[in-house]
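Student: I'm new to this structure and would like a close look at one part of it. Could you take me to a single strand and the loop beside it, and then show me what else is worth a visit?

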Amino acid sequence: MKTTKSVGKRIAAVIFLLLAGGGLYWVFESGLRESERVGVREGKERLVPVEVQEIQTGAIELRRTFSGALEPRAEFVVAPKVAGRLEKLTVNISDEVSRGQVVGELEDDEYVQAVAQAEADLAVARANLSEARSELEIASRELERVVTLRQRGVASESQLDAARANQLAKEVKSEVAQANVSRAGSLLETVKIRRSYTRISAGWSGGAEKRVVAERFVDEGEMVAANTPLLRIVEIAPIIGVIFVTERDYALLQPGQSVALVTDAYPGETFWGNIERIAPVFKETSRQARVEVKIENEDQRLKPGMFIRATVVLQKIADTPLLPEQALTKRGDVTGVFLVNEEGTSVRWHPVEVGIRDGNMVQPLGEGQLRGRIVTLGQQQLKDGSKITIPKKQSASTTSATKEKG
């Protein structure tokens, strides 16, 4: 029973203390508010604590980063000119290939036989030509003899005509034999050329002397038709980075501009290239134009198909005021900054049109240059003409910086 009464007393004491504390807080708060109202009535304005920074002058760059992909500078598809069974491929994926190198062979038994047949036909044609020439020579001598006899009156006119007709026939036969020799020779060259097509070479034109096998489409032993793709050979040193740009940035690009490229394959590493070509048209579907960047890629680490992010400096201004982006604030729909007076006691609202943004710095546009200090923290509580207070430590540092700059 005594215990219950003791607990009740303790609870009552706690309630009393809470009520007393609340009353004291209300009295203190009311007094504070009243003092503020009195201060306002007497013309005193509350000072807003802020942080400030000196307006800098320097260079700023307009950068744009575009996503894209790598493509081979050139590619060449190896295909046979004649049909046959693929007997051998001498290269495979990732192998290096030189211009004109033989990369595959077709079975050539039929072509060997065709060459032998054509050589035999040529030999027969040459023999026929030799025979025709001999007959022509005999006919020519016979004509000369008959002409002599006719002049002496021994041979008749009909004998002379017969000799001439025979000689003309032998001339025609000789010409036909000569034509057969030419035709047989041409056929022989044709079958030899077709036989040479069984040795498949990588004979591209232009570009580098060496390329790399990117794809292999067939295996040894397969029957292939003429013009069937066997290998895809690409040039990757140099390699091309392809990006697409909108109309906003198109006019600021030009061939020769330097480009910094990064890829997820080599994090933290930057590759450099130059704009080589800019398409003169925009794609109707995306309203973007193709831009090609040439990267030397001598070590061939970059491969076609890799995704890239390409950063281009579109514009650079050497000497301009620079504002920290955190100093920008809005009043209504207008963006601006608060300029600090020379004494560091008040601020003035100054609208700002933002130009180039580079990292956390921005370029203010408009006539005249901004000078002095601006508020970088606490501007949300300010209005034009507000009184401010600057921490002593920062005030001293900004003042010394201003003196050194001056």
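Tutor: Let's start with one strand and its loop, then go on to a cavity.

First, some ground rules: this is a predicted model, where local features need pLDDT of at least 70 and side-chain atom pairs count only at pLDDT 80 or more, while totals for chains, interfaces and linings use all residues. Residues are numbered from 1 along each chain as its sequence is written, and side-chain values use heavy atoms, with hydrogens and water left out.

Our strand is S11, residues 258–262; helices (H or I, at least four residues) and strands (E, at least two) are DSSP runs, numbered from the N terminus. S11 runs antiparallel to strand S12 (residues 271–278), and four bridges join them; two strands pair if DSSP finds at least two bridges between them. One spot to find on screen is Val259, which stands opposite Gly273 in S12. S11 also pairs with strand S14 (residues 307–324), again in the antiparallel sense and over four bridges. There, look for Leu261, whose bridge partner in S14 is Ala310.

Now step back to Gln257, in the loop between helix H4 (247–250) and S11. Is Gln257 buried or exposed? Gln257 counts as buried because its relative accessibility is 13%, and buried means under 20% relative accessible area, exposed over 50%, partly exposed in between (1.4 Å probe, protein chains only). Its side chain reaches the backbone nitrogen of Gln254 at 2.8 Å, and a polar atom of that side chain lies 3.3 Å from the backbone oxygen of Leu252. Leaving aside neighbours within four places in sequence, Gln257 is in contact (heavy atoms within 4.5 Å) with residues including Gly273, Asn274, Val312 and Val313.

On to the cavity. A search of the whole structure finds one cavity of 30 Å³ or more, with a volume of about 40 Å³. A cavity here is a set of points, on a 1 Å grid over the protein atoms alone, where a 1.4 Å probe fits but cannot get out, and lining residues have an atom within 4 Å of a point. Strand S10 (231–245) gives the most to this lining, with four residues. Strand S8 (210–216) supplies at least two. Among the lining residues are Glu96, Lys210, Val234 and Gln300, and the lining divides into four nonpolar, one polar and four charged residues.

How values were computed
1 Å grid on protein atoms, 1.4 Å probe; cavity = no way out; pocket = protein on both sides within 12 Å on 5 of 7 lines; lining within 4 Å. Points joined across faces, edges and corners; volume = space filled by probe spheres on them. Nonpolar A, V, L, I, M, F, W, Y, C, P; charged D, E, K, R; others polar. Polar contact = N/O pair within 3.5 Å; in protein donor to acceptor, adjacent residues only side chain to side chain.
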